[in-house]
Each structure stands twice: as C-alpha cells, then as structure tokens.
Amino acid sequence: MYIEICNTVKIVGVPDDAIRLSLFSFSLAGEAMTWLHSFKGNSLKTWEEVFEKFLKKYFPESKTIERKAAISSFHQFPDESLSEALERFRGLLRKTPTHEFSGPIQLNMFIDGLRPQTK
C-alpha cells in the first residue's frame, strides 16, 4: 500500500526511490518511528537500504515462515461466507509483505482452502 501511495507522487527529475525514502517517516508511528530516528543523520541513503533494514527488524525470518505457513494452509471456516474468507485471506497476505507468493499461487491457495460447497 505504501508503494502505491508513493506512486501517486511524481516530481520531474526526482527518482521514485527518492520520493519513497523521503515520505517513509510519515508512514510510521510509535516504536517504528523511534527505530527510524535511531539511525544517525543520513546513514540510510537508499530506499533499498531502509526497506531491507525495516523488514529485518519488523518481519524477521521466523515470523515470515510462520505467517507463510498460515497463508499456505488457509481454510475457510465452517460458518464463514466467501467474502469473509476472502477478506481474512487478504489480511494474511497484508500481514506478510515478504510472502513472495505470486498472484496465481495466491489464487490457488485461496480456492484450495474453500469448502467444497463454496467452490
């Protein structure tokens, strides 16, 4: 979502990564803002560097593995509607921005997790 918002800002001669880097602090609050300000001066010079450090801090590999397992083992609850199941599945994807599942794979996991009568 952050990248989508940043992509709405275009300034002639300014690379997209520079815009992402300059707007990033406005997307943070609380502990995450404190974390970002813990870096001295301009020690974070590129968007890739900030993104990598942010993911390492807030999406460690152990958490990513756990959440990827939740995505790949998704199942619709007995009393859950199709729209509720879809929203819950999308929520799992949003909570794990580093899941690396392609669109077609996501679709297959979602459909495979639906109850037979919903399919």
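What share of the 119 residues in this protein is buried? Hold that thought for a second. What we have on screen is a predicted model, so please keep that in mind as I go. Okay, the answer: buried residues make up 30% of the 119.

Now the overall picture. The protein has seven helices and zero strands, so reading along the sequence you just get α-α-α-α-α-α-α. As for shape, a compact globule with 119 residues would have a radius of gyration near 14 Å, but this protein comes out at 18 Å. Along the principal axes, the C-alpha atoms fill a box of roughly 55 × 35 × 20 Å. And take the contacts between residues at least 6 apart in sequence: 48% of those join residues at least 24 apart. On the outside, about 8300 Å² is exposed, with carbon and sulfur atoms supplying 60% of it.

Next, the rings. There are 13 aromatic pairs in the structure. Ring pairs tie Tyr2, Phe24, Trp35, Phe39, Trp47, Phe51, Phe54, Tyr58 and Phe59 together into a cluster. One of those, Tyr58, also has Lys57 over its face, at 5.9 Å from the ring centre. Over at Phe77, Arg88 sits above the ring face, 3.8 Å from the centre.

Last stop: Glu100. You'll find it in the loop between α6 (82–95) and α7 (103–112). Its phi is positive, about 65°, even though it isn't a glycine. Most residues other than glycine have a negative phi. So is Glu100 buried or exposed? Exposed, because its relative accessibility is 69%, and the cut-off for exposed is over 50%.

Key:
Residues are numbered from 1 along each chain as its sequence is written. This is a predicted model: local features need pLDDT of at least 70, side-chain atom pairs count only at pLDDT 80 or more; totals for chains, interfaces and linings use all residues. Side-chain values use heavy atoms; hydrogens and water are left out. Helices (H or I, at least four residues) and strands (E, at least two) are DSSP runs, numbered from the N terminus. Buried means under 20% relative accessible area, exposed over 50%, partly exposed in between (1.4 Å probe, protein chains only). Rings of Phe, Tyr and Trp (its six-membered ring) pair if their centres lie within 6.5 Å; planes under 30 degrees apart count as stacked, over 60 as edge-to-face and the rest as tilted. A charge sits over a ring if NZ of Lys or CZ of Arg is within 6 Å of the ring centre and within 35 degrees of the ring normal. The radius of gyration is taken over C-alpha atoms; the globule rule is 2.2 Å times the number of residues to the power 0.38. Contact means heavy atoms within 4.5 Å. Accessible areas come from the Shrake-Rupley method with a 1.4 Å probe; for residues, only the protein chains shown count as cover.
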